[in-house]
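Colleague: I would like to go through this model with you. Tell me how each label is earned.

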Amino acid sequence: MSVRLSVGATRALPALVLRPWDVEDAGALVAAHRDSDLRRWLTTQLSGEVDARRWIDGQRQGWADGSRFGFAVLEDRGEGLGAAVGHVSVTLREEGSAEVGYWAAAEVRGRGLASRALEAAVEWIFAEELPVPVVRLDLFHAVGNEASCRVAERCGFGFEAVLPAQPPTFPTEGHLHVRRKPARF
């Protein structure tokens, strides 16, 4: 499956393209992971090209087996696509549900990129003709990650619960936000 999602430009923001990760994105991925604020919230730590390529291989395997759809997010300023500056993923879980995740690189954070990219992925997964349609999306983030909480709220994910820490994978409490497929799909 080869998917390319587009998000139109706004008056103040460039267009976005979401596409599967490619080996050529490894440098941008490593650069994004150098940011201590990003690393603070992620469960995966990438410290070099080898880690990045391994992670990208995992993303590609998810596409191949239909279990996880990881998108590189790129800005399109009309002069061609820039380097990957964000990530959105949809991981299929139990029947009819999936988990979403996202991050934005430091240089684009605070400009609505994560919200716009997440919304594009949500619209796609709800419309996608999968063997078992997704009707519920779960979004988890660490307590204290206020930026992720705002993205969840902007994208229509309602707060459901505070979840206990589960070290070592999730060392702190987390928030669970949920969005259900509307009847219009």
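Modeller: Start with the rule for rings. Rings of Phe, Tyr and Trp pair if their centres lie within 6.5 Å. This is a predicted model. A search of the whole structure finds 7 aromatic pairs.

Colleague: Why is the pair of Trp63 and Trp124 called tilted?

Modeller: The ring centres of Trp63 and Trp124 are 6.0 Å apart, and the planes stand at 45°. Stacked needs under 30 degrees, and edge-to-face needs over 60. The angle of 45° fits neither, so the pair is tilted.

Colleague: What makes this pair a link between parts of the chain that are 61 residues apart in sequence?

Modeller: Trp63 lies in helix α3, residues 49-65. Trp124 lies in helix α4, residues 113-127. The pair therefore ties those parts together. Trp63 and Trp124 are both buried.

Colleague: How do you know that Phe71 and Trp124 are edge-to-face?

Modeller: Their planes are 85° apart, and their centres 5.5 Å. The cut-off for edge-to-face is over 60 degrees, so 85° qualifies. Phe71 sits in strand β3, residues 68-76, and Trp124 in α4, so this pair ties together parts 53 residues apart in sequence. Phe71 is buried, as is Trp124.

Colleague: Which residues do ring pairs link into a cluster?

Modeller: Trp63, Phe69, Phe71 and Trp124.

Colleague: Why is β3 called mostly covered?

Modeller: Buried means under 20% relative accessible area. In β3, 7 of 9 residues are buried, so the strand counts as mostly covered.

Colleague: How do you know that β3 pairs with strand β2 and with strand β4?

Modeller: Pairing takes at least two bridges. Strand β2 (residues 15-20) and β3 have 6, in the antiparallel sense. One of the partnerships is Leu16 with Glu75 in β3. β3 and β4 (residues 81-92) are joined by 8 bridges and also run antiparallel. There, Ala72 has His87 in β4 as its bridge partner. Both counts reach the cut-off, so both are pairs.

Colleague: What lies between β3 and β4 in their hairpin?

Modeller: There are 4 residues between them, and Gly78 in the turn has a positive phi of about 90°.

Colleague: Now the largest pocket. What makes up its lining, by class?

Modeller: The volume of the largest pocket is about 1300 Å³. Its lining has 48 residues; Trp41, Leu42, Tyr102, Phe140 and Asn145 lie nearest the centre. By class, 21 are nonpolar, 18 polar and 9 charged. Strand β5 gives the most, with 6 residues.

Methods
Residues numbered from 1 in each chain as written. Predicted model: local features only at pLDDT ≥ 70, side-chain atom pairs only at ≥ 80, totals over all residues. Heavy atoms only, no water. Helix = DSSP H or I, 4+ residues; strand = E, 2+ residues; numbered from the N terminus. Buried < 20%, exposed > 50% of the residue type's maximum accessible area, 1.4 Å probe, protein only. 1 Å grid on protein atoms, 1.4 Å probe; cavity = no way out; pocket = protein on both sides within 12 Å on 5 of 7 lines; lining within 4 Å. Points joined across faces, edges and corners; volume = space filled by probe spheres on them. Nonpolar A, V, L, I, M, F, W, Y, C, P; charged D, E, K, R; others polar.
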